[in-house]
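Subject: Handing over the structure

Dear colleague,

I am passing on to you the structure that we spoke about, and below it you will find an account of what turned up when I went through it. Please keep the structure open beside this message while you read.

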Amino acid sequence: MNFHILTLFPDMVMNGLNTSITGRAIEAGILSVEAVNIRDYANNKHLKVDDYPYGGGAGMLMQAEPVYGAYEAVAKHIQKKRETEGQVQSQKIRVVYLTPQGATFTQRMAEEYAQEEDLILLCGHYEGIDERVLEEIVTDYVSIGDYVLTGGELPAMVMIDAISRLVPGVLSNEVSAEFESFQDDLLEYPQYSRPEEWHGKKVPEVLLSGHHANIDRWRREQSLIRTRERRPDLLK
Ligand code: SAM
């Protein structure tokens, strides 16, 4: 899967994603991540990409043209690649704008995005981005929660991390993504590792029994109990 991040801070996203599991998947060629610097598409000699909002108000706004230029360069590249691979040209390229005004990101959305071959993620900064370019290029508006961050880079990294681990081959043990929180709208059951007793607390006996049907039943019950306690909204 190929992630294309349109950002004013390419180093921030690349440094964050080049390590750990995503880093290894990039190295293995299972994922590719490119950060496109929007500033490279500024059309003035000072490489300025922001300006005052019409109508007044605090802060600066990212201008439409550099954002559009960065998008166009990436979109052309994707179209060309599809052309050489003989893919359907009409297939729309998904462009996600990270914004507190978007739909809240969920595991289900991660599963859906993991089906895409290419995903463009647009990161805003300052007070956001001129509405006109959003209208022209954005297909999805996504938020990572009801709070306001300074930029879209951390949200883009959150999305890429969650999506990547669902791409086949990214996790070394595929089973580890098999039952996890939010599948079947449940939270995961409690887990234990060695030693069998720690600080006077014993591992539940059923987990030591080797009886797989009983273990499965216990885990299912624990998932239900935990979901009812911590996230009753999921059970609805
Ligand atoms: N003025 C905007 C508003 O009130 O909706 C907020 C702009 S915010 C300071 C700057 C950028 O950070 C946004 O353009 C967006 O890309 C990103 N951002 C901030 N909070 C976010 C969130 N909860 N989820 C996703 N992106 C977020």
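I would like to begin with the ligand, where an oxygen atom of the ligand lies 2.9 Å from a polar backbone atom of G124. Please bear in mind throughout that this is a predicted model, and that the distances and areas in this message are computed from that model.

The ligand and its surroundings

Besides the contact with G124, a nitrogen atom of the ligand is found 2.8 Å from a backbone N or O atom of Y147, and a polar backbone atom of L149 is 2.9 Å from a nitrogen atom of the ligand. Taken on its own, the ligand has 580 Å² of accessible area, and the protein covers 86% of that area. If you look for the place where this happens, you will find that the ligand sits in the largest pocket.

How many residues surround the ligand, and which of them are the closest? There are 21 residues around the ligand, and the closest are Y97, L98, Q101, E127 and Y147, so that Y147 appears both in this list and in the backbone contact described above. When the shell around the ligand is sorted by class, it has ten nonpolar, ten polar and one charged residues. Two strands, β5 (94-104) and β7 (140-143), each supply at least two residues of that shell, and it is β5 that gives the most, with five residues.

Strand β5 is also where T99 is found, and this residue is worth selecting on your screen. Is T99 buried or exposed? T99 counts as buried because its relative accessible area is 7%, which is under the 20% that marks the limit for buried residues. The side chain of T99 reaches the backbone nitrogen of Q101 at 3.0 Å, and Q101 is itself among the closest residues to the ligand.

The chain as a whole

It may help to step back at this point and look at the whole chain, whose secondary structure comes to eight helices and nine strands. Taken along the principal axes, the C-alpha atoms of the chain fill a box of roughly 70 × 45 × 35 Å. The chain has 236 residues, and buried residues make up 41% of them.

A threonine in a helix

A second threonine, T84, is found in helix α3, which covers residues 64-84. T84 is exposed because its relative accessible area is 68%, and the limit for exposed residues is over 50%. A polar atom of the side chain of T84 lies 2.8 Å from the backbone oxygen of K81.

The loop between α6 and β8

Several of the findings belong to the loop between α6 (153-164) and β8 (197-198), and V167 is one of the residues found there. V167 is buried, since its relative accessible area is 9%. The C-alpha atoms of V167 and M1 are separated by 7.4 Å, although the two residues are 166 residues apart along the chain.

P195 is found in the loop between α6 and β8 as well, and a cis peptide bond, with omega of about 5 degrees, joins R194 and P195. D185 also has its place in that loop, and its phi is near 55 degrees, a positive value in a residue other than glycine. D185 counts as partly exposed because its relative accessible area is 30%.

Why are such values picked out here? They are picked out because most residues other than glycine have a negative phi, and most peptide bonds are trans.

Two further residues

Phi of L47 is likewise a positive value in a residue other than glycine, near 55 degrees, and L47 lies in the loop between β2 (32-37) and β3 (50-51). With 41% relative accessibility, L47 is counted as partly exposed.

Finally, R226 is found in helix α7, residues 212-230, and is counted as partly exposed at 22% relative accessibility. R226 and L186 are 40 residues apart in sequence, while from C-alpha to C-alpha they are 8.3 Å apart in space.

With best wishes,
A colleague

Methods
Residues numbered from 1 in each chain as written. Predicted model: local features only at pLDDT ≥ 70, side-chain atom pairs only at ≥ 80, totals over all residues. Heavy atoms only, no water. Near = heavy atom within 4 Å. Polar contact = N/O pair within 3.5 Å; in protein donor to acceptor, adjacent residues only side chain to side chain. Areas by Shrake-Rupley, 256 points an atom, 1.4 Å probe, with all protein chains shown as cover. 1 Å grid on protein atoms, 1.4 Å probe; cavity = no way out; pocket = protein on both sides within 12 Å on 5 of 7 lines; lining within 4 Å. Sits in = over half its atoms within 2 Å of the grid points. Helix = DSSP H or I, 4+ residues; strand = E, 2+ residues; numbered from the N terminus. Nonpolar A, V, L, I, M, F, W, Y, C, P; charged D, E, K, R; others polar. Buried < 20%, exposed > 50% of the residue type's maximum accessible area, 1.4 Å probe, protein only.
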